[in-house]
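Morning, everyone. Please pull up the model on your screens. I'll keep this short.

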Amino acid sequence: MERGSNKRDLIKKIISKKEFSLLPLEDVGLVFENFDKDLYSDEEKVKFSRNLLRKMYTVFLSNKLLKYREKNEEWFLNKHLSTKERMPFYKEVYEKIFSGFKGKTNVYDMGSGVNSFSHYFFPKKLDLNYFGIEAVGQLVEVQKKFFLGKKNFHFFHESLFDLERIKEILKNGNGKKVVFLFKAIDSLEMLKKNYSKTLLEEIVPLVDLVVVSFATKSLGSKKRFFVDRKWIKNFIEKNFELKSSFEEGNEEYILFSKKGL
Ligand SMILES: C[S@@+](CC[C@H](N)C(=O)[O-])C[C@H]1O[C@@H](n2cnc3c(N)ncnc32)[C@H](O)[C@@H]1O
């Protein structure tokens with residue numbers, strides 16, 4: 001690649017890799033801007049952008065997932081690291097999250113990966129309406145195909161950085177509203193520091209419960225790692241009403257709502 005290729009060509013080059021081909025272009029642009037500096041060669045700009053995009057969006061998934069064939073829910077859950085690790089704990093996790101809920105319940109799963117396939121673990125007392133929001137277009141397509149014709153499953157190929165669109169999506173659905181942000185906050189913070197705070201400030205008032213989760217052990221291995229989550233925990237405690245928090249498997253969950261709910 002020659003030095004000085006223009007921004008459009010470099011972005012085209014970045015997304016020419018299949019893995020990144022269906023990401024929202026705005027997100028690719030934001031990541032690219034991080035590295036669009038004179039000190040980097042064009043090759044480096046492409047390479048570093050792809051590295052960050054991989055960390056934010058695709059490191060968790062197996063290639064097989066993108067080569068979709070007819071399979072059952074369990075197969076899909078096992079093809080994504082986050083859902084795979086959660087398999088033995090789903091029932092417990094959902095029972096804890098939904099202990100105070102019954103009847104019509106809308107779940108907005110932000111940065112959902114393939115978590116819709118875990119629907120059969122939801123407590124049966126819920127009349128579930130599921131909204132999956134995910135930036136990786138291939139994952140959205142796989143789930144749309146699988147749930148075709150099921151009126152209570154909806155999928156959106158959107159970026160969580162598009163706040164207005166996210167707020168629009170939250171207008172869908174009657175009944176109780178619950179937002180999942182499972183292992184998604186780290187990805188957001190990689191690109192825009194403190195964006196999760198802005199996101200939470202905007203969406204918490206619109207729903208009944210928000211659940212954020214974090215990995216407590218490193219990706220793929222069982223080693224516990226130390227990541228300072230104090231900043232987000234303090235933020236939640238100061239601005240919202242903490243309902244509960246618990247650890248299941250390799251994940252810590254924090255449940256909260258707007259104050260006084
Ligand atoms: C660690 S995975 C977790 C997936 C799922 N929430 C789970 O826990 O099973 C993070 C997911 O968030 C998605 N993601 C990251 N940044 C995003 C953004 N700005 N907009 C939409 N999705 C995003 C990634 O593509 C990835 O699927």
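Start at the ligand. This is a predicted model, and in it 21 residues surround the ligand. Closest are Ser82, Gly111, Gly113, Ala135 and Phe182. What is the shell made of, by class? Ten residues are nonpolar, eight are polar and three are charged.

Now, which helices supply the shell? Helix H3, residues 42-58, gives at least two residues. So do helix H6, residues 81-86, and helix H10, residues 185-191. The shell also draws on two domains: at least three residues come from domain 1, and at least three from domain 2.

Next, those domains. Domain 1 covers 7-58, and domain 2 covers 69-257. Their centres, taken over C-alpha atoms, are 26 Å apart. The contact between them takes twelve residues from domain 1 and ten residues from domain 2. Look at the domain 1 side. H2 and H3 each supply at least two residues there. Which element has the largest share? That is H3, with five residues. By class, this side of domain 1 has eight nonpolar residues, one polar and three charged. Keep H3 in mind: this helix supplies residues to the ligand shell and to the side of domain 1 that touches domain 2.

On to helix H2, residues 25-35. Which of its residues are buried? Asp27, Val28, Val31 and Phe32 are. Why do I call that one face? Look down the axis of H2: the buried residues fall within an arc of 135°, so they line one face of the helix. On the other side, Leu25 and Glu26 are exposed. What covers the buried residues of H2? The cover includes helix H1, residues 7-15, along with H3 and H10. H10 has come up before, as one of the helices that supply the ligand shell.

Last stop, the strands. Take strand E2, residues 126-134. Seven of its nine residues are buried, so E2 is largely enclosed by the rest of the structure. What does E2 pair with? Strand E1, residues 103-110, is joined to E2 by eight bridges, and the two run parallel. Asn106 stands opposite Asn129 in E2. Strand E3, residues 153-157, is joined to E2 by five bridges, again parallel. There, Phe131 stands opposite His154 in E3. One general point for reading the view: in a regular strand, side chains alternate between the two faces of the sheet.

That's my tour. Over to you.

Methods:
Residues are numbered from 1 along each chain as its sequence is written. This is a predicted model: local features need pLDDT of at least 70, side-chain atom pairs count only at pLDDT 80 or more; totals for chains, interfaces and linings use all residues. A residue is near a molecule or strand if its C-beta atom, placed from the backbone, lies within 6 Å of it. Helices (H or I, at least four residues) and strands (E, at least two) are DSSP runs, numbered from the N terminus. Ala, Val, Leu, Ile, Met, Phe, Trp, Tyr, Cys and Pro count as nonpolar, Asp, Glu, Lys and Arg as charged, and the others, Gly among them, as polar. Domain bounds come from an automatic or database domain assignment. A residue is buried if 20 or more other C-beta atoms lie within 10 Å of its own, exposed if 12 or fewer, and partly exposed in between; C-beta atoms are placed from the backbone. The arc is that of the directions from the helix axis to the C-beta atoms. Two residues are in contact if their C-beta atoms, placed from the backbone, lie within 7 Å. Two strands pair if DSSP finds at least two bridges between them.
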